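Visitor: Could you walk me through this model? I would like to go through it one question at a time.

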Amino acid sequence: MKPSAMKPPPRPMRILARSIALAFAGTMIQHAAQADDEMQKVIVTAQSRAQSAQEVPISMEVVTAREIQNLGARNLGDLTGYLPGLQVDATQATQPIFGIRGVQAGDFGIGTDTPVGIYVDGVYTGKTGGALMNFIDIQRVEVLKGPQGTLFGRNSAAGAISVVTNEPEADFDASGHIKVGDYGRANLDAMLNVPLGATTAARLVFVRDTSDGWVRNATTSTRTGGDNSWATRLSVKQKAGDATLLLSWEHEQLRQHGWPAFGVVKGSALPMAGYTGVYDAAYVANFSDPRKAPLENDTDGRETRNFDGVTLRAEVPLGGVTLRSTTAYRTFSSLNLTDNDGTARTDFMLATQDQKKAYNWQQEFKLSGATDKLDWVAGVSFYDNRERQRSSAIVNTQTLDSISLMQGGTPDFATLFTGLGMAGVPGVDGSSIFNWEENNEAKLHTRAFSLYGDLIWRLAPGTRLTTGLRWSRDRKEMQWYVPGRQSAALDTLLNTYGPAAGIDASALPANVIFAAAGPLAATPVNATHNWTDWSPRLVLDHKLTEDLLLFASLSRGYQAGGFNVFTPPNPTSSNPRERDPSFNPEKMTNLELGFKLYAPSLRATLNGSLFAYRFKNLQDVKLGGSSAIPTYNIINSDQEAKGLDLDGRIRITPRVTLFAGVELIDQTYQRFETTDTSGATLNLSGQPVGTPAFSGMAGVNANWEALNGRMSATFQGSYHGKNRCNDDTRALQCLNAPAFRTGTAVSKADLRVGWDTADGKFGIGLLVNNLFDKRYVYNLDGQTKAFGLPYASITAPRTIALELRGSL
């Protein structure tokens, strides 16, 4: 792909220029407009109670439906950068990574949990196939920082993300939204709300997202980097006296190409001629800039998902107490096929495929009540999840020969095929290539039970003490199975012509890539483990004035232990760690001092918190192991951090609002040992984890009357400082090559300009994401990086879209 192919066509830029000019012209008359000076108070349910966000003594961020529209956000991944402290890697929709305040785990295996809990209308979504869904009729997103064990059905060691959708309403309503843009972007969402009687209403929502993708694969001529999905939700709300029942069904289908993997090593001479096991200056001098080079993948990859969910919620007043019940069933199947070498070379061809299928149901009961002195919530929760995972490595015999040569061995397959060709076998010689696939299969059954309570004591006027406690019981049953390789064409060849030369398919190894696990799990192997925990929460808050809330909190979070899907137990080993390869639970202790200021006279809010935490046994993944091709293995580390969060907004005129947020954080390893690419041991204790010391965002909203309606403009940008490198990440994640750098500071700006009719029922908007077309290489990864062939991920280019909105 030529560099010019990454730039959008010129016509949308002319439209954008005219719209910006109109926006700035409109601001000249904004002072003549009249508007309500009251700052909107956002109501949240972060503490299982309806409260103003400014009254909740928790460090949190709230994103409203309007802000989601201004960003053009399709899912949680599009919020990254605009909520300091929140990290969402949505590169692969079926394998997302969530982090809060630097605590994030990249494990895609089913054997571990995520420290950040994701909830949609109170239902836990897990961490894999069902965690990153398209926004469907969203009311708001609440991001709670720090442990949240006493407020949700599942524990959340580092924080929680709560997505709240709109419920059916008593009045008829209908709306639609269309977005079209460059790179074949075509999005549609529609909503129909219908009253079915005096006490019943139904709401149907449909969402369709498609785009061709922003890059073309030069090998297959297919565009990739786009998306293709549709989703729907049908919900029915029934009032029965003072009780409320809400039944909803949602479905999603995702069908798209895999994320592009850009190779940075060009030419067939490398890595054989230059890679010595380390990425020294001489070797990285050969790297090319992936932002300027064509994408060359021998597979386009594939990412699919089928998701279905049914939820029944009930709210029943019982005297002075309210009973809330949530019953939910979720099922999904997903597939993720990825080019893992970033090239179209047959001699290093490697693709990986991950398939999952899960079924889970959840039941939660909550009782809540309030008196003059006490506001309390108590709950009981049960979670049952059954999940299967098949991890596949797809290579060929030429790849295995190349790796053997780099490890000091010989090209065994080339030698074999040469001999067969010389013996007269038709169509076979030293350059012959046969496919070779290996699979690692795992099953998991998780059962979790918990009791929790949260009490707010009103000690004095303006002073409250919150105490909470959670008891958790988790049980995981894991099964490993590693069948023999799949290489039908090769086996047929050897079984047909090999016996004459004294060889057949049985002489080949059962596995090469999963060889370490294969002998232990050639037949299914099982392990079971239980974990129990008590997690407390203590918060003291005081209203210094009517508009200033001060709070201090001490809380502990917990996440159950788990298993590595690539490391089965060895019942015959004398090493207890090998007999029981489970991992200890994750535990976080968090101390926080904060304030929340609401100043009506200044039309402003300002929130801040100082925090410090220690996190034990964070479960993450790292490539390694003794196999020919490295596999992903669980690593554990203890981490600690201290930092500052600040966010605020001010309405400087009735028509102009400024907003901003920053996070300062110093995150380091308290205890961690790992190995580098050469196998040497690295002690990273005391070194930075990698999280940038500074991240921030800022923006401005403006609106004014024009063209018999209302114009609006939103400009917002984000900035992340450079990664803090350590002895392990300095080689690739903080690369400083002549062609490009990684781990650098990153900035991004977005603009939306719109016009709505006076009654607000119809509107048009122009949305520009990545306004200044900033492109970054944000990752160098892949299993072939162990052999000097990493692939790069790069950020998407500027995109422009036109929106049309209407409602009845």
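Guide: Happy to; what follows is a set of questions and answers about this predicted model.

Visitor: Let's begin with a helix. How many of the residues of H4 are buried?

Guide: Helix H4 covers residues 397-406 and is mostly covered. Among its buried residues are Leu400, Asp401 and Ile403. Of its 10 residues, the number buried is seven.

Visitor: Which strands and helices are included in what covers the buried residues of H4?

Guide: The buried residues in question include Thr397, Thr399, Ser402 and Ser404. What covers them includes two strands and two helices: strand E22 (374-396), strand E23 (435-460), helix H5 (412-422) and helix H6 (488-497).

Visitor: At the start of H4, which residue's backbone nitrogen does a side-chain oxygen of Asn396 reach?

Guide: A polar contact needs N or O atoms within 3.5 Å. Here the side-chain oxygen of Asn396 comes to within 2.9 Å of a backbone nitrogen, and that nitrogen belongs to Gln398.

Visitor: And what follows H4, with a positive phi?

Guide: Look just past the helix for a phi near 90 degrees. The residue there is Gly408.

Visitor: Now the strands. How many bridges join E22 and E23, and how many join E23 and E24?

Guide: E22 pairs with E23 in the antiparallel sense, and Phe382 stands opposite Phe449 in E23. E23 also pairs with E24 in the antiparallel sense, with Glu441 having Tyr481 in E24 as its bridge partner. The E22 and E23 pairing runs over 23 bridges, and that of E23 and E24 over 19 bridges.

Visitor: Which residue takes a positive phi in the hairpin of E23 and E24?

Guide: This hairpin has two residues between the strands. The phi in question is near 85 degrees, and the residue is Gly462.

Visitor: Which strands stand at the edges of the open sheet E4-E5-E6?

Guide: The sheet has three strands with antiparallel pairing. E4 and E5 (residues 97-100) pair over four bridges, and Val88 stands opposite Phe98 in E5. Two strands each have a single partner strand, so one side of each is left without a neighbour in the sheet: E4 (86-89) and E6 (103-104).

Visitor: On to charges. How far apart in sequence are the parts that Lys476 and Asp113 tie together?

Guide: Lys476 and Asp113 form a salt bridge, with the closest N and O atoms 3.1 Å apart. Lys476 lies in strand E24 (residues 463-481) and Asp113 in the loop between E6 and strand E7 (116-120), so the pair ties together parts that are apart in sequence by 363 residues.

Visitor: Are Lys476 and Asp113 buried or exposed?

Guide: Buried means under 20% relative accessible area. By that cut-off, both Lys476 and Asp113 are buried.

Visitor: In the salt bridge of Arg655 and Glu705, which residue is buried and which is partly exposed?

Guide: Their side chains meet at 3.5 Å, N to O. Arg655 lies in the loop between E29 and E30, while Glu705 lies in strand E33 (residues 694-706). The relative accessible area of Arg655 is 1%, and that of Glu705 is 47%. The buried residue is therefore Arg655, and the partly exposed one is Glu705.

Visitor: Finally, which residues are linked with Glu61 in a network of salt bridges?

Guide: The count for the model comes to 44 salt bridges. The residues linked in a network with Glu61 are Arg101, Lys145, Glu592 and Asp645.

Notes
Residues are numbered from 1 along each chain as its sequence is written. This is a predicted model: local features need pLDDT of at least 70, side-chain atom pairs count only at pLDDT 80 or more; totals for chains, interfaces and linings use all residues. Side-chain values use heavy atoms; hydrogens and water are left out. Buried means under 20% relative accessible area, exposed over 50%, partly exposed in between (1.4 Å probe, protein chains only). Contact means heavy atoms within 4.5 Å. A polar contact is a pair of N or O atoms within 3.5 Å; within protein, one must be able to donate a hydrogen and the other to accept it, and residues adjacent in sequence count only if both atoms are side-chain atoms. Two strands pair if DSSP finds at least two bridges between them. A salt bridge is a side-chain nitrogen of Lys or Arg within 4 Å of a carboxyl oxygen of Asp or Glu.
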